[in-house]
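Open the structure in your viewer and keep the sequence panel beside it. The stops below say what to select and what is found there.

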Amino acid sequence: DADKGFCLSKAIQRVRRTEYQRAHHLVTKEIFTEHGVEYFYWRLSTNHKNYGGKEVCEVLASSTGNKAGNASGLSKAGLYHVDEGPSIPHPNCMCQLEPAIPK
């Protein structure tokens, strides 16, 4: 029974973290839009393990969204338009959205 409680606790923690991040990303995109930020970067969590570039978040951090390909003055790796940006791609995702400001 103790093992089941521990597993349930970890499952609840994973759901709570995932839903918190989902809400955080949604609000972050809304704030970007309100402040005229059109693009953002998908940034890996500092706790993200290295999977050799093949894990979904690593792919997002190195790819470019369709609309972001037209952005000028911005580095393209991990760049997305707020309208097309990815949502939480997997449970427990702790990656962040960083505003992209042209220089």
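The tour goes from the whole chain to the cores, then to a pocket and a few single residues.

**The whole chain**

Start with everything shown, and keep in mind that this is a predicted model. A cartoon view shows 2 helices and 3 strands. Followed from the N terminus, these elements come in the order α-β-α-β-β. Along its principal axes, the C-alpha trace spans about 55 × 35 × 20 Å.

Now switch on the surface. The accessible surface of the protein is about 6,900 Å², and carbon and sulfur atoms hold 55% of that area. The protein has 103 residues, of which 32% are buried. Among contacts with a separation of 6 or more, 67% are between residues 24 or more positions apart.

**The nonpolar cores**

Hide the surface and select Phe32, Phe40, Trp42 and Cys93. These four have the most contacts inside the largest nonpolar core, which has 13 residues. Next colour strand E1 (39-43) and helix H2 (56-62): each of them supplies at least two residues of this core. The largest share comes from H2, with 3 residues.

Then select Tyr39, Tyr41, Ala68 and Ala100. They are among the 7 residues of a second core, separate from the one just visited.

**The largest pocket**

Where does one look for the centre of the largest pocket? Select Asn47, His48, Lys49, His90 and Asn92, which are the closest to that centre among the 13 residues of the lining. The space in this pocket is about 240 Å³. Sorted by class, its lining consists of 5 nonpolar, 5 polar and 3 charged residues.

**Asn92**

Keep Asn92 selected and hide the other pocket residues. Asn92 sits in the loop that joins E2 to strand E3 (96-100). Its phi angle is near 75°, which is a positive value in a residue other than glycine. Is Asn92 buried, exposed or partly exposed? Asn92 counts as partly exposed because its relative accessible area is 30%, which falls between the limits of 20% and 50%.

**Gln96**

Move along the chain to Gln96, which is part of strand E3. Gln96 has a relative accessibility of 30% and so counts as partly exposed. Show its neighbours: leaving out residues up to four places away in sequence, Gln96 touches Gln21, His24, His25, Tyr41, Trp42 and Arg43. One of these, Trp42, was already picked out in the largest nonpolar core, and Tyr41 was picked out in the second core. For a distance check, draw a line from the C-alpha of Gln96 to that of Phe40; the two residues are 56 apart along the chain, and the line is 9.7 Å long.

**Thr64**

Go next to the loop between H2 and strand E2 (79-81), and select Thr64 there. Which residues does Thr64 touch, beyond those up to four places away in sequence? They are Gly69, Lys76, Ala77, Leu79 and Tyr80. The relative accessible area of Thr64 is 33%, so Thr64 is partly exposed. A C-alpha to C-alpha line from Thr64 to Gly85 gives 9.6 Å, for a pair 21 residues apart in sequence.

**Lys54**

The last stop is Lys54, in the loop between E1 and H2. Lys54 is exposed because its relative accessible area is 73%, where the limit for exposed is over 50%. Draw one more line, from Lys54 to Ser87: their C-alpha atoms are separated by 18 Å, and the residues are 33 apart along the chain.

Terms used
Residues are numbered from 1 along each chain as its sequence is written. This is a predicted model: local features need pLDDT of at least 70, side-chain atom pairs count only at pLDDT 80 or more; totals for chains, interfaces and linings use all residues. Side-chain values use heavy atoms; hydrogens and water are left out. On a 1 Å grid over the protein atoms alone, a cavity is a set of points where a 1.4 Å probe fits but cannot get out, and a pocket is an open set with protein on both sides within 12 Å along at least five of seven lines; lining residues have an atom within 4 Å of a point. Grid points are joined across faces, edges and corners, and a volume is the space filled by probe spheres set on the points. Ala, Val, Leu, Ile, Met, Phe, Trp, Tyr, Cys and Pro count as nonpolar, Asp, Glu, Lys and Arg as charged, and the others, Gly among them, as polar. A nonpolar core is a set of buried Ala, Val, Leu, Ile, Met, Phe, Trp, Tyr and Cys residues joined through side-chain atoms within 4.5 Å. Buried means under 20% relative accessible area, exposed over 50%, partly exposed in between (1.4 Å probe, protein chains only). Helices (H or I, at least four residues) and strands (E, at least two) are DSSP runs, numbered from the N terminus. Contact means heavy atoms within 4.5 Å. Accessible areas come from the Shrake-Rupley method with a 1.4 Å probe; for residues, only the protein chains shown count as cover.
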